[in-house]
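Student: Could you walk me through a structure and show me how to read its features?
Tutor: Gladly; here it is.

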Amino acid sequence: ARAPSSEGWQDNGKYVGMYLRRDVEGKKATARVVAYLPSTASDPYIVDGTPRELWRVQYLDSQLKGDTQDLEEEELECSEPSWTAPSFGKAKKPPPPKKEKVTGVVAAGTKVRVTDPRYAGETGVVAGYRESSGWHVVHLDADGGAAPKFVRLKHLQRADGAPLVLDDVADAAAPASPRVKAAASRPNVGAFANPASVEEARRLAADP
């Protein structure tokens with residue numbers, strides 16, 4: 001074979017712009033076809049006395065990045081040719097942070113705000129939790145705790161209106177700490193205890 005001179009190369013034509021994935025020392029390297037030398041060029045690539053087409057590729061990554069290589073058509077065809085640009089070098093957007101899902105039991109005695117539409121944002125105190133139904137027992141400040149209200153966890157906020165966070169909640173199956181476990185399992189335990197609701201809360205918590 002006789003290598004061609006620098007004359008006759010074209011920056012457009014057959015396969016120009018195509019991407020390749022080639023094996024380089026046991027690893028894949030990405031290259032792109034950047035020039036084409038037709039067999040009709042004034043100084044073509046010659047194999048066994050016959051002019052052959054030739055393509056020049058430039059490597060885009062690996063230790064060969066920036067280097068060029070001349071390939072025949074058969075070599076292109078076995079180099080995973082594709083017109084789609086590879087994703088190498090493109091920074092992937094980090095996935096959005098997952099919101100911590102608050103599940104479990106709010107400690108008895110915790111001051112809360114109730115967002116349940118039935119109670120229009122009133123504040124109250126958690127008196128207990130009915131495990132059989134998944135309801136929290138809340139005594140509202142507005143009625144002096146006269147009648148317990150049954151509220152789902154999703155309708156409870158901190159008393160200042162801020163969302164509950166995991167520190168406020170004990171897991172129903174495995175509370176976070178002995179202190180929280182005690183608060184979650186016994187009525188009227190916590191900084192915001194409501195003495196008037198003790199006996200009622202105990203009865204409700206024990207009621208299947």
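**Reading the chain step by step**

Tutor: Among contacts (heavy atoms within 4.5 Å) in the protein chain between residues at least 6 apart in sequence, 53% join residues at least 24 apart. This is a predicted model, in which local features need pLDDT of at least 70 and side-chain atom pairs count only at pLDDT 80 or more, while totals for chains, interfaces and linings use all residues. Residues are numbered from 1 along each chain as its sequence is written, and side-chain values use heavy atoms, with hydrogens and water left out.

Student: How many helices and strands are there in the protein chain?
Tutor: Helices (H or I, at least four residues) and strands (E, at least two) are DSSP runs, numbered from the N terminus. The protein chain has three helices and 13 strands.

Student: In which sense do β1 and β2 pair, parallel or antiparallel?
Tutor: In general, strands of a sheet pair through backbone hydrogen bonds, either parallel or antiparallel. Two strands count as paired if DSSP finds at least two bridges between them. Here β1 (residues 19-24) and β2 (residues 27-37) are antiparallel, with six bridges. Val 24 has Lys 27 in β2 as its bridge partner. Two residues lie between the strands of this hairpin, and Glu 25 takes a positive phi near 50 degrees there. On to another partner of β2: this strand also pairs with β5 (residues 54-59), again in the antiparallel sense over six bridges, and Val 33 is matched with Val 57 in β5.

Student: What is the order of the five strands in the open sheet?
Tutor: The order is β11-β10-β9-β8-β12, with antiparallel pairing. β11 (149-151) and β12 (156-158) stand at the edges with a single partner strand each, so one side of each has no neighbour in the sheet. From one strand to the next, the twist averages 50 degrees (axes are lines fitted to C-alpha atoms, and angles run from 0 to 180 degrees between N-to-C directions). Within this sheet, β8 (residues 111-114) and β9 (residues 123-130) share three bridges; one bridge partner pair is Lys 111 and Val 125.

Student: Is Tyr 19 buried or exposed?
Tutor: Buried means under 20% relative accessible area, exposed over 50%, and partly exposed in between, with a 1.4 Å probe and protein chains only. Tyr 19, found in strand β1, is buried at 14%. Its contacts beyond four places in sequence include Leu 60, Trp 83 and Pro 86. The side chains of Tyr 19 and Arg 32 also share a polar contact of 3.4 Å. Such a contact is a pair of N or O atoms within 3.5 Å; within protein, one must be able to donate a hydrogen and the other to accept it, and residues adjacent in sequence count only if both atoms are side-chain atoms.

Student: How many salt bridges does a search of the whole structure find?
Tutor: Side chains of opposite charge can pair when their charged atoms come close. The cut-off is a side-chain nitrogen of Lys or Arg within 4 Å of a carboxyl oxygen of Asp or Glu. The search finds eleven. One of them joins Lys 14 and Glu 53, with the closest N and O atoms 3.4 Å apart. Lys 14 lies in the segment before β1 and Glu 53 in the loop between β4 (50-52) and β5, so the pair ties together parts 39 residues apart in sequence.

Student: Which side chain makes a polar contact with that of Glu 72?
Tutor: Arg 52 does, at 3.0 Å. Glu 72 sits in the loop between β6 (68-71) and α1 (73-77), and is buried at 19%. Arg 52 also forms a salt bridge with Glu 74.
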